[in-house]
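Here are my notes on the model, as numbered points. Have the structure open while you read them.

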Amino acid sequence: DVLKLEKRPEVINALKEGSTYSIQPEFTEKIYSDYISNSLVMRIGNTRGFVNGYRLNMDKELQNVMPYTVNGESYVPVIFSFENLGMKVEKQDKYTVKVKTDIGDLTISADLPIVEGSKNIEYINGNLYAPSKDIATITKMHLYDDGELIIISPNKTVEAADKAIVSQLKSALEWRAGKMYLGDEGYVTGIEIHPKDPNVRYSRT
């Protein structure tokens, strides 16, 4: 079984003290796999991800921050991604953050790319999002991204991730109820994938 339930207060407390994001206080699930050691795992439309195997919420409110796709490009939350890949992030204002990397400080702003020639950073509901491939490039890590599951890892094996492991990770990050605010138009309360065409998704509002 790839999943194991752990009730280890010292692990939970360490995670809570070392992260600005909340986790389930009652338990933490860890996946045991070489694919996610020291890695960040996210699933499109899911408000939680795995950080080094432990499942964390991406936002204190548990509903506003989640990866999404636009025209086949996966976008992931900037602050959650960089912080949980070991980098310090300082918020300058609501449109700008500064990331401390090995080669110096990187300023990330909405409507500008962080990798030359790539897509612009997007700002949605108070959060910055960047293409998953750009996060991997900046952090010098390897990327698996099939349009649904995203793994950013120092382990090169993730680039050709085993289908069974990918399936297990997707199951562990099943879509959970959350709301994405759409301005004056209401909320997206559900995302469903077409049973025959995985590139087609339906939103429930």
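1. Let's fix a term before counting anything: a salt bridge here is a side-chain nitrogen of Lys or Arg within 4 Å of a carboxyl oxygen of Asp or Glu. By that criterion the structure holds eight of them. Do keep in mind that this is a predicted model.

2. Start with Lys133 and Glu73, whose closest N and O atoms are 3.9 Å apart, which sits within the 4 Å limit. Lys133 belongs to helix α3 and Glu73 to strand β7, so this salt bridge ties together parts that are 60 residues apart in sequence. What about the surroundings of the two partners? Lys133 is partly exposed at 41% relative accessible area, whereas Glu73 is buried at 12%.

3. Two more salt bridges can be taken together. Lys100 and Asp105 meet through their side chains at 3.5 Å, N to O; Lys100 is partly exposed, with 33% relative accessibility, and Asp105 is also partly exposed, with 47%. Glu159 and Lys156 meet at 3.4 Å, N to O. In that pair Glu159 counts as partly exposed at 41%, while Lys156 is exposed at 55%.

4. There is also a salt-bridge network, and you may want to display it as a group: Arg43, Asp146, Glu148 and Lys170 are linked in it.

5. Now the sheet. Four strands make up an open sheet, ordered β6-β7-β12-β11, with antiparallel pairing. Which strands stand at the edges? They are β6 (68–70) and β11 (122–124); each has a single partner strand, so one side of each is left without a neighbour in the sheet. From one strand to the next, the twist averages 40 degrees.

6. Inside that sheet, β7 (residues 73–77) pairs with β12 (residues 127–131) in the antiparallel sense, over three bridges. If you want a residue pair to check on screen, Pro77 has Tyr129 of β12 as its bridge partner. Helix α3 (residues 132–139) lies across β7 and β12, and runs at about 80 degrees to β12. The salt bridge of Lys133 with Glu73 joins this helix to β7 as well.

7. A small stop at Gly126, in the loop between β11 and β12. Buried or exposed? Neither, as it turns out: Gly126 is partly exposed, with a relative accessible area of 29%. Gly126 and Val65 are 61 residues apart in sequence, and their C-alpha atoms are 9.3 Å apart in space.

8. On to the nonpolar packing. The largest nonpolar core has 31 residues, and Met42, Phe82, Val99 and Ile108 are those with the most contacts inside it. Elements that each supply at least two residues of this core include β3 (40–43), α2 (78–83), β9 (96–101), β10 (104–109) and β14 (149–153). β7, β12 and α3 are on that list too.

9. Val99 is a good residue to centre the view on. Leaving out residues up to four places away in sequence, Val99 touches Phe82, Met87, Lys88, Val89, Gly104, Asp105, Leu106 and Ile108. Among these, Phe82 and Ile108 are also named with Val99 for having the most contacts inside the core. Asp105 is the salt-bridge partner of Lys100.

10. Last one: don't stop at the largest core. A second, separate core has 13 residues, among them Val158, Ala161, Ile165 and Ala172.

Methods. Residues are numbered from 1 along each chain as its sequence is written. This is a predicted model: local features need pLDDT of at least 70, side-chain atom pairs count only at pLDDT 80 or more; totals for chains, interfaces and linings use all residues. Side-chain values use heavy atoms; hydrogens and water are left out. Two strands pair if DSSP finds at least two bridges between them. Axes are lines fitted to C-alpha atoms, for helices over the stretch in contact, and angles run from 0 to 180 degrees between N-to-C directions. Contact means heavy atoms within 4.5 Å. A nonpolar core is a set of buried Ala, Val, Leu, Ile, Met, Phe, Trp, Tyr and Cys residues joined through side-chain atoms within 4.5 Å. Buried means under 20% relative accessible area, exposed over 50%, partly exposed in between (1.4 Å probe, protein chains only).
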